[in-house]
Amino acid sequence: MTVPVIQKMDVYPVAGYDSMLLNLSGAHGPFFTRNVVIMHASNGDVGVSEVPGGKKITQVLEASRSLVVGTPIGDYKRVLQGIKHQYGNLDQGGRGNQTFDLRTTIHAQTAVETAFLDLLGKYLHEPVAALLGDGQQREDVPVLGYLFFIGDRQQTDLPYIGDDHEHGEWGEVRREPALTPEQIVRKAQAAYDRYGFTTFKLKGGVLSGEKEVQVMKALHRAFPKAKLDIDPNGAWSLNEALRYASEMKGLLNYIEDPCGAENGFSGREVLAEFQRRTHIPTATNMVDTDWRQMASSLILNAVSIPLADPHFWTMQGSVEVAKVCHAFGLNWGIHSNNHFDISLAMAANAAAAAPGHINAIDTHWIWQDGQELTKHPYEIHDGQIHVDSRNEGLGIEVNMDAITAAHQLYLEHNLGNRDDAKAMQYLIPHWQYDPKKPALVR
Ligand SMILES: O=C([O-])C(=O)C[C@H](O)[C@@H](O)C(=O)[O-]
Ligand SMILES: [Mg+2]
């Protein structure tokens, strides 16, 4: 029997609808963008993957096609080495200082790796989780409810949707403004009723720290048993972070990037000091994002929860981080951005393969649920995603009609890179990003 060979690789920049989610980088526009890769193998199987949007990633994927086509599916690591070798220099500047990761090539590598893994899993009749690390570790992956402050879309003339693909209370509230503790609690309740979350994360870095502490207290009152996290993306100074943390003592399960680089100290040094002084488990998706940063984090004891998003660690890399966490007594988790259900399957498979105790993983899916690109997307029930060990590949089947429509939406609106400043400028004229100032504090 001959091993299947890649005959064709298609790259689809796609778009979907989003709410006006607020974060340190500004306000999400009406559309989010992603890059979807579809590989066709000579045995008729189709492999798929999804990574962040943006023209640079699209271009590297397009340029990598010649390395991919003709490769037997078992030889994919050679292709990944080739992409790194040819385009790795594009990532020299690191992830940047926005809330989202600005690298290019690592995302392209993940897109290619994942589509190959999907094909390999199908060929071997195994889930992708079984091909990663030491193999599948669990069938039920815990997922958290990712809450955001939301801007008033009516203050813009941008084409946000108001009506919804989702029914019920969650569908009613998820596009509506939310800036007060009551409004956030209402969203949390609707998300809980729909998805059964037992962990919530609040995206901070929007209001003043004092006000965000009040929202966390309201969440704790409404959900006294829930595990809570807040993530201001490093907006607070160390002193502010220490003050807010002491006010939230007892209600935080962990805290994420409470502070970052300041006064000549690196983000990792400052997080190390924060952890030493508070003993609160500290997560990051900003200062421990590659192996060199991981080494420095471990030496400094800077981070106890590396959020190893497979989209910027690769699928295999993310699970390797999980193995390191397991060995060092750290607590692995996954970071996310807005995404479709292909990424949901990727995160679920990586988390299913992560050894040891893991944190509930991040997902933005609740803001997109209803805009599927696959025929039977993974679902969140009781705050978990079930990854059946009888799955093959990622466990999803792409819906080409939906992908074509999402690609059309991308083209129609001439979309590309994420830019949260644009929508934010409707709320505050001339608004500009400042990594040390919450978005609505100007
Ligand atoms: O954990 C994080 O930092 C994120 O989820 C980053 C994202 O860019 C988030 O801020 C967002 O979607 O606006
Ligand atoms: Mg974060």
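The exercises below work through a predicted model of one chain and its ligand.

**Exercise 1. Overall form**

Task: Decide what the radius of gyration says about the chain, and describe its extent and interior.

Solution:
- Step 1. For 442 residues, a compact globule would have a radius of gyration near 22 Å.
- Step 2. The chain has 21 Å, which agrees with that expectation.
- Step 3. Along the principal axes, the C-alpha atoms fill a box of roughly 65 × 50 × 40 Å.
- Step 4. Of the 442 residues, 55% count as buried.
- Step 5. Take the contacts between residues at least 6 apart in sequence: 75% of these join residues at least 24 apart.
- Step 6. The secondary structure comprises 15 helices and 14 strands.

**Exercise 2. Two domains and where they touch**

Task: State how the chain is divided, then describe the side of domain 1 that touches domain 2.

Solution:
- Step 1. Domain 1 covers 6–131 + 400–412, and domain 2 covers 140–386.
- Step 2. The centres of the two domains, taken over C-alpha atoms, are separated by 23 Å.
- Step 3. In the contact between them, 38 residues of domain 1 meet 39 residues of domain 2.
- Step 4. On the side of domain 1 that touches domain 2, at least two residues each come from several elements, including strand S1 (6–17), strand S4 (31–41) and helix H14 (400–412).
- Step 5. Helix H3 (105–124) is also among these elements, and H3 supplies the largest share, seven residues.
- Step 6. By class, this side of domain 1 has 21 nonpolar, ten polar and seven charged residues.

**Exercise 3. The shell around ligand 1**

Task: Find which domains supply the residues around ligand 1, and sort these residues by class.

Solution:
- Step 1. The residues around ligand 1 include Leu21, Asn23, Thr99, Phe100, Lys203, Asp231 and His335.
- Step 2. Domain 1 and domain 2 each give at least three residues to the shell.
- Step 3. The shell has two nonpolar, seven polar and two charged residues.

**Exercise 4. The buried side of H15**

Task: Which residues of helix H15 (residues 420–427) are buried, and why do they lie on the same side?

Solution:
- Step 1. Asp420, Ala423 and Met424 are buried in H15.
- Step 2. These three cover an arc of only 105° around the axis, which puts them on the same side of H15.
- Step 3. A general rule fits here: an α-helix has 3.6 residues a turn, so residues three or four places apart point the same way.
- Step 4. The cover over the buried residues of H15 includes strand S2 (22–23) and strand S3 (26–27).

Notes. Residues are numbered from 1 along each chain as its sequence is written. Chains are lettered from A and ligands numbered from 1 in the order in which they are written. This is a predicted model: local features need pLDDT of at least 70, side-chain atom pairs count only at pLDDT 80 or more; totals for chains, interfaces and linings use all residues. A residue is near a molecule or strand if its C-beta atom, placed from the backbone, lies within 6 Å of it. Ala, Val, Leu, Ile, Met, Phe, Trp, Tyr, Cys and Pro count as nonpolar, Asp, Glu, Lys and Arg as charged, and the others, Gly among them, as polar. Domain bounds come from an automatic or database domain assignment. A residue is buried if 20 or more other C-beta atoms lie within 10 Å of its own, exposed if 12 or fewer, and partly exposed in between; C-beta atoms are placed from the backbone. Helices (H or I, at least four residues) and strands (E, at least two) are DSSP runs, numbered from the N terminus. The arc is that of the directions from the helix axis to the C-beta atoms. Two residues are in contact if their C-beta atoms, placed from the backbone, lie within 7 Å. The radius of gyration is taken over C-alpha atoms; the globule rule is 2.2 Å times the number of residues to the power 0.38.
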